[in-house]
Amino acid sequence: MAEKEIIETSEAEIAVHWQEEGYYHVPLDFIAQANMTDESIYQRFSLENFPNCFKEYADMLDWYEYWTEILDTSDAPCFKWFKGGKINASYNCIDRHLAKNRNKTAIHFVPELEEEKVEHVTYQELWVRVNEMAALLQDFCGLKAGDRVTLHLPMVTELPVTMLACARLGVIHSQVFGGFSGKAAADRILDSGSDFLITMDGYYRGGQLLDHKEKADVACEAAAAAGHKVKKVLIWERYPGKYSAATPLVEGRDFIVNDLLKKYYGQRVEPVRMPAEAPLFLMYTSGTTGKPKGCQHSTGGYLAYVTGTSKYIQDIHPEDVYWCMADIGWITGHSYIVYGPLALCASSVIYEGIPNYPDPGRPWRIAQNLGVNIFHTAPTAIRALRKIGPDEPAKYNYHFKHMTTVGEPIEPEVWKWYYNVVGKGKAAIVDTWWQTENGGFLCSTLPAIKPMKPGSAGPGVPGIHPIIYDDEGKEVPKGAGKAGNICIQNPWPGMFQTIWGDRDRFVRQYFERYCKNPKSKDWRDWPYLTGDAAVQAPDGYYRILGRIDDVINVSGHRLGTKELESAALVVPEVAEAAVVPVADEIKGKVPDLYVALKPGYHPSPELEKRISQALATEIGPIAKPRKVWIVPDMPKTRSGKIMRRVLGSISNKTDVGDVMTLANPEVVEAITKMVQG
Ligand code: WTA
């Protein structure tokens with residue numbers, strides 16, 4: 001049996017252990033105020049009305065020139081939405097709100113230290129800051145539409161300011177998660193061909209002011225070693241007027257943004273009228289091969305999709321205070337902290353730090369103090385807060401009308417705690433399933449229309465038509481009780497346009513498997529392969545089981561096993577490396593790393609530590625393995641393939657099954673003894 005099939009079998013097994021739950025009904029006072037209560041929306045967005053249904057989302061935006069063709073399929077599967085339209089994302093997120101809501105808070109910035117003042121940035125203030133930053137990017141850096149810029153910023157107001165300044169000019173931003181290493185930033189600088197890196201001197205994490213600037217030095221060195229010189233590094237100061245990093249500035253390369261900006265005070269930059277299909281940003285994500293993929297998102301289609309879904313699924317009204325606790329360095333933050341909420345003129349909360357600093361009551365204090373009424377987070381955070389502060393929410397006086405979970409499957413027990421304790425039994429919950437590639441939600445209930453079911457994402461959102469295929473490409477019908485590969489039958493405006501610079505990989509990875517005709521220009525022939533396994537219940541709700549490819553979802557972050565393995569191979573003693581996911585109470589999955597050494601080297605705690613550190617250095621602290629197991633040899637097939645399935649079973653203490661067909665069955669026993677004692 002091929003290795004891949006075995007992985008799929010194990011995914012399907014999860015379905016057996018986890019039974020369907022009963023419905024929960026959304027509170028009536030939520031329904032009474034909801035943006036979308038009309039059931040006919042599903043009819044409006046049915047396949048018969050595709051693609052014209054998405055006009056409804058496009059019409060939530062302001063266009064300089066209205067589009068002439070809703071969907072251009074001539075370059076399938078690189079689909080173009082709202083062709084002929086001219087639009088600017090920065091204008092739609094800021095300028096258009098000024099007439100009525102100039103003095104409304106756009107962003108509440110909450111520093112991690114509670115003794116620091118919360119910043120309330122009005123739409124007017126955001127407009128001023130974005131204009132000045134845009135003027136700087138244009139004049140000081142010479143940036144223009146179509147150029148790429150890498151951002152490596154933490155969770156601070158300066159991040160959306162920089163993103164929106166780029167968007168104002170049509171410059172393509174590529175924000176790298178702040179927790180990622182300088183090396184990871186370098187890979188993304190190289191791949192996107194960025195001449196500029198925008199970063200910050202430091203930021204708070206768990207009460208420590210971290211030196212973030214040092215990562216910029218590592219990034220520039222690594223990029224230079226690969227033949228790409230970063231022309232300038234622009235550094236925001238965490239405390240304007242005071243440089244907070246220990247790492248010195250590099251003469252001629254490093255510049256303090258806060259100083260440079262003084263020259264641009266009061267300057268205004270006309271938003272550039274961008275074609276709807278011009279790229280707005282790149283967001284890198286892990287894939288089945290080692291190299292991260294730059295998911296290229298469009299301006300008009302993306303913005304329309306995140307605005308429409310923020311309105312109907314997140315139920316955002318302009319008077320709401322909305323807090324998504326994700327990091328803007330991930331797609332969730334781009335779509336549902338910055339672009340969607342701001343396009344709807346909401347107040348969006350940005351919290352700098354970790355949820356349990358200085359104690360697990362922090363999120364609920366923030367909610368109480370700011371009057372947050374929509375809350376959005378991931379199962380990993382919910383599990384952690386439930387474990388360390390199960391009684392904390394009850395101590396605070398806040399009221400959530402709506403809550404979201406995103407990023408990985410949520411266990412029904414955890415869902416119920418979220419509903420009863422965090423939501424105090426009074427909030428609508430949506431479990432939103434989607435991916436970096438998708439721009440916005442794929443499956444979720446419409447909160448005022450469909451009941452909630454713990455552990456189930458729900459049906460496709462309006463205009464998204466999922467289908468589950470088995471390995472032969474036959475449809476697995478709803479209620480079959482069988483898992484399969486969940487695909488989407490139709491394109492949608494939020495879907496990424498391509499992998500930056502690698503159209504072949506885009507087609508191969510997402511469409512080849514179930515493509516009906518590779519020459520076709522008809523969207524019906526190009527189902528989109530998500531790479532997740534799922535089952536569909538008789539009521540049409542989808543339960544997502546997890547990835548079927550070599551990606552581990554750690555705390556809701558996708559890490560490619562190949563990326564982790566190649567980071568381990570940077571250590572000179574390491575000959576072979578294999579990463580397997582291990583179930584973890586808080587993080588969902590954590591990587592276990594198995595390595596075999598080159599001849600002549602011997603295991604030691606020091607070496608284990610060095611290997612573990614290599615993953616943190618190459619990728620980031622979230623990639624640190626639970627444990628490094630230095631084994632005498634890897635279990636292998638006769639053709640020499642490492643049997644990750646066997647290692648996975650050993651780490652998870654499940655049955656390894658029949659190993660007699662392996663080339664070296666005896667190592668299985670030795671490794672089991674080592675790991676399980
Ligand atoms: C998983 C995050 C179950 C899934 C927006 C997907 C989920 C991957 C859910 C994408 C959910 C995301 N239920 N699984 N509600 N949301 N996933 O690209 O495996 O960081 O393919 O996008 O996370 O992760 P990504």
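**Group meeting: a strand trio, a loop cysteine and two helix pairs**

Okay, let's start in the sheet: Cys 324 stands opposite His 376 in S18. Before I go on, keep in mind that this is a predicted model.

So who are S18's partners? On one hand there's S16, residues 321-324, which pairs with S18 in the parallel sense over three bridges. On the other there's S19, residues 402-406, also running parallel with S18, this time over four bridges. If you want a landmark for that pairing, look at Ile 374, whose bridge partner in S19 is His 402.

Now the side chains. In a regular strand they alternate between the two faces of the sheet. In S18, residues 374-377, Ile 374 and His 376 point one way, while Phe 375 and Thr 377 point the other way. Are these four buried or exposed? All are buried.

Next up, a cysteine for those of you who like labelling chemistry. Cys 78 sits in the loop between strand S1 (69-72) and strand S2 (80-83). Cys 78 has a relative accessible area of 10%, so we call it buried. What does it touch? Leaving out residues up to four places away in sequence, Cys 78 is in contact with Asp 72, Gln 497, Thr 498, Arg 503 and Phe 506. And Lys 55, which is 23 residues from Cys 78 along the chain, has its C-alpha 19 Å from the cysteine's C-alpha.

Last topic, helix packing. Two packed helices are described by the angle between their axes and the distance between the axes.

Take H7 (residues 123-139) and H8 (residues 158-169): their axes come within 8 Å and cross at roughly 60 degrees. That's why we call H7 oblique to H8. The handedness of the crossing is right-handed. On the H7 side the contact residues include Trp 127, Met 133 and Leu 137, and on the H8 side they include Val 161, Leu 164 and Cys 166. By type, the residues of this contact split into eleven nonpolar, three polar and three charged.

The other pair is H9 (residues 182-192) with H10 (residues 213-225), where the axes come within 7 Å and cross at roughly 45 degrees. So H9 is oblique to H10, and this crossing is right-handed. Among the residues making the contact are Ala 185, Ala 186 and Ile 189 of H9, with Val 218, Ala 219 and Ala 222 of H10. The tally for H9 with H10 is eight nonpolar, one polar and two charged.

That's my tour, thanks!

Definitions and conventions. Residues are numbered from 1 along each chain as its sequence is written. This is a predicted model: local features need pLDDT of at least 70, side-chain atom pairs count only at pLDDT 80 or more; totals for chains, interfaces and linings use all residues. Side-chain values use heavy atoms; hydrogens and water are left out. Axes are lines fitted to C-alpha atoms, for helices over the stretch in contact, and angles run from 0 to 180 degrees between N-to-C directions. Angles under 35 degrees count as roughly parallel, over 145 as roughly antiparallel, 65 to 115 as roughly perpendicular and the rest as oblique. A crossing is left-handed if the near helix is turned anticlockwise from the far one by less than a right angle, and right-handed if clockwise. Contact means heavy atoms within 4.5 Å. Ala, Val, Leu, Ile, Met, Phe, Trp, Tyr, Cys and Pro count as nonpolar, Asp, Glu, Lys and Arg as charged, and the others, Gly among them, as polar. Buried means under 20% relative accessible area, exposed over 50%, partly exposed in between (1.4 Å probe, protein chains only). Two strands pair if DSSP finds at least two bridges between them.
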